[in-house]
Amino acid sequence: MARDTDVIGTPDPAASGLERQIAGLDALEMAARSRHGVVRRAWASTWPVLAAVAIAIVIWEIVVLSGWKPTYVLPGPGDVFPQLGKDLSEGAFWSGLGLTMRRAVMGFALAILVGAVLGAVVSRVRFLRVAFGSLITGLQTMPSIAWFPLAILLFQLSESAILFVIVIGAAPSIANGLIAGVDYTPPILLRAGKILGLRGVALYRHLILPASLPAFVTGLKQGWAFAWRSLMAGELLVIIGHHASLGVRLEYARENIDAPDMIATMIIILVIGIVIDRLFSAADRTLRARRGLEPS
């Protein structure tokens with residue numbers, strides 16, 4: 001008979017050592033699987049984007065080679081990408097990019113504040129829901145560029161005009177996201193919260209906001225899209241001094257008929273939008289995984 005112990009009740013050191021080795025091997029295997037799983041998920045989410053970029057470049061080159069427009073109007077990838085590399089090597093470009101991103105962050109932060117407060121109030125007060133619910137949706141559908149004449153009258157050609165349009169363009173989407181999240185909060189959770197003594201701000205902080213977080217993240221993602229588009233329109237229309245933001249570079253390239261630089265700047269704007277969108281998508285997947293809505 002095989003012995004698991006030398007004396008009854010005393011573990012066999014050899015058996016314990018074997019168990020530790022097996023446990024260590026299992027841990028290594030699980031860690032390797034986890035790393036491989038992360039790599040596979042990263043590649044699975046990356047290769048479609050790379051394939052789409054490659055297809056877009058091929059179609060772009062075909063259109064240029066067809067002679068539809070002269071190359072000084074529509075240059076090909078062979079002209080644009082060297083210009084893009086030149087722009088990325090210039091300090092003035094990074095200074096302009098920094099200015100644009102500062103405006104984006106400030107405007108989006110203000111939009112989150114305004115949209116969250118507006119959504120929280122409207123979602124819980126029935127009279128305000130009836131009075132302002134449709135108005136918020138109407139503001140969301142209104143083109144951001146339509147606000148610029150009013151913004152320029154109110155704030156002249158200033159940073160405040162740009163921030164005003166960013167906020168009014170993004171806040172309704174953020175508010176609607178929070179309102180939707182509150183609407184889909186299960187009533188049983190609200191009753192349970194009230195039984196536990198949650199009222200007012202505490203009810204929002206500990207129950208309603210966590211329950212509505214997935215819809216709120218979706219609203220933030222949509223709000224960022226509106227904010228980014230509003231900012232680009234603002235920088236094209238509101239040129240402040242000689243601040244060479246991305247929008248100003250785009251306008252100057254158009255005025256100088258510098259199509260390679262213009263398209264290179266457009267590519268940068270597109271890439272920034274895609275990167276931020278991917279960050280919001282990653283946050284949404286992480287949130288869903290933590291709530292058991294999809295594999296982690």
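Let's start with one residue of this predicted model: Gln 156 has a relative accessibility of 48%, so it counts as partly exposed. You will find Gln 156 in the loop between helix 5 (148-155) and helix 6 (159-183). Its backbone has a positive phi of about 60 degrees, although Gln 156 is not a glycine.

Ile 257 also has a positive phi without being a glycine, here of about 50 degrees. Look for Ile 257 in the loop between helix 10 (246-255) and helix 11. Ile 257 is exposed, because its relative accessible area of 61% is over the 50% cut-off.

Here are the two residues side by side:

| Residue | Phi | Relative accessible area |
|---|---|---|
| Gln 156 | about 60 degrees | 48% |
| Ile 257 | about 50 degrees | 61% |

**The whole chain**

Now step back to the chain, which contains 11 helices and two strands. Reading from the N terminus, you meet the two strands and then the helices, in the order β-β-α-α-α-α-α-α-α-α-α-α-α. Of the 296 residues in the chain, 36% are buried. Among contacts with a separation of 6 or more, 70% join residues that are 24 or more positions apart.

**Helix 2 and a residue that touches it**

Helix 2 covers residues 77-88. Its 12 residues reach 16 Å from the first C-alpha to the last, close to the 16 Å expected at 1.5 Å a residue. Which residues of helix 2 are buried? They are Pro 77, Val 80, Gln 83, Leu 84 and Asp 87. Viewed down the helix axis, these buried residues fall within an arc of 135 degrees, so they line one face of helix 2. On the face turned away from that buried side sit the exposed residues Gly 78 and Pro 82.

Two of those buried residues, Gln 83 and Asp 87, are in contact with Asp 261, as are Arg 249 and Ala 253, leaving aside neighbours of Asp 261 within four places in sequence. Asp 261 belongs to helix 11 (residues 259-290). With a relative accessible area of 11%, Asp 261 is itself buried.

**Where helix 3 meets helix 4**

Helix 3 (residues 91-124) packs against helix 4 (residues 126-141) at an angle of about 130 degrees, and their axes are 6 Å apart. Because of that angle, helix 3 is oblique to helix 4. Helix 3 contributes Leu 118, Val 121, Val 122, Ser 123 and Arg 124 to the contact, while helix 4 contributes Arg 126, Leu 128, Arg 129 and Ile 136. By type, the residues of this contact are five nonpolar, one polar and three charged.

Methods: Residues are numbered from 1 along each chain as its sequence is written. This is a predicted model: local features need pLDDT of at least 70, side-chain atom pairs count only at pLDDT 80 or more; totals for chains, interfaces and linings use all residues. Side-chain values use heavy atoms; hydrogens and water are left out. Axes are lines fitted to C-alpha atoms, for helices over the stretch in contact, and angles run from 0 to 180 degrees between N-to-C directions. Angles under 35 degrees count as roughly parallel, over 145 as roughly antiparallel, 65 to 115 as roughly perpendicular and the rest as oblique. Contact means heavy atoms within 4.5 Å. Ala, Val, Leu, Ile, Met, Phe, Trp, Tyr, Cys and Pro count as nonpolar, Asp, Glu, Lys and Arg as charged, and the others, Gly among them, as polar. The expected span of a helix is 1.5 Å times one less than its number of residues. Buried means under 20% relative accessible area, exposed over 50%, partly exposed in between (1.4 Å probe, protein chains only). The arc is that of the directions from the helix axis to the C-beta atoms.
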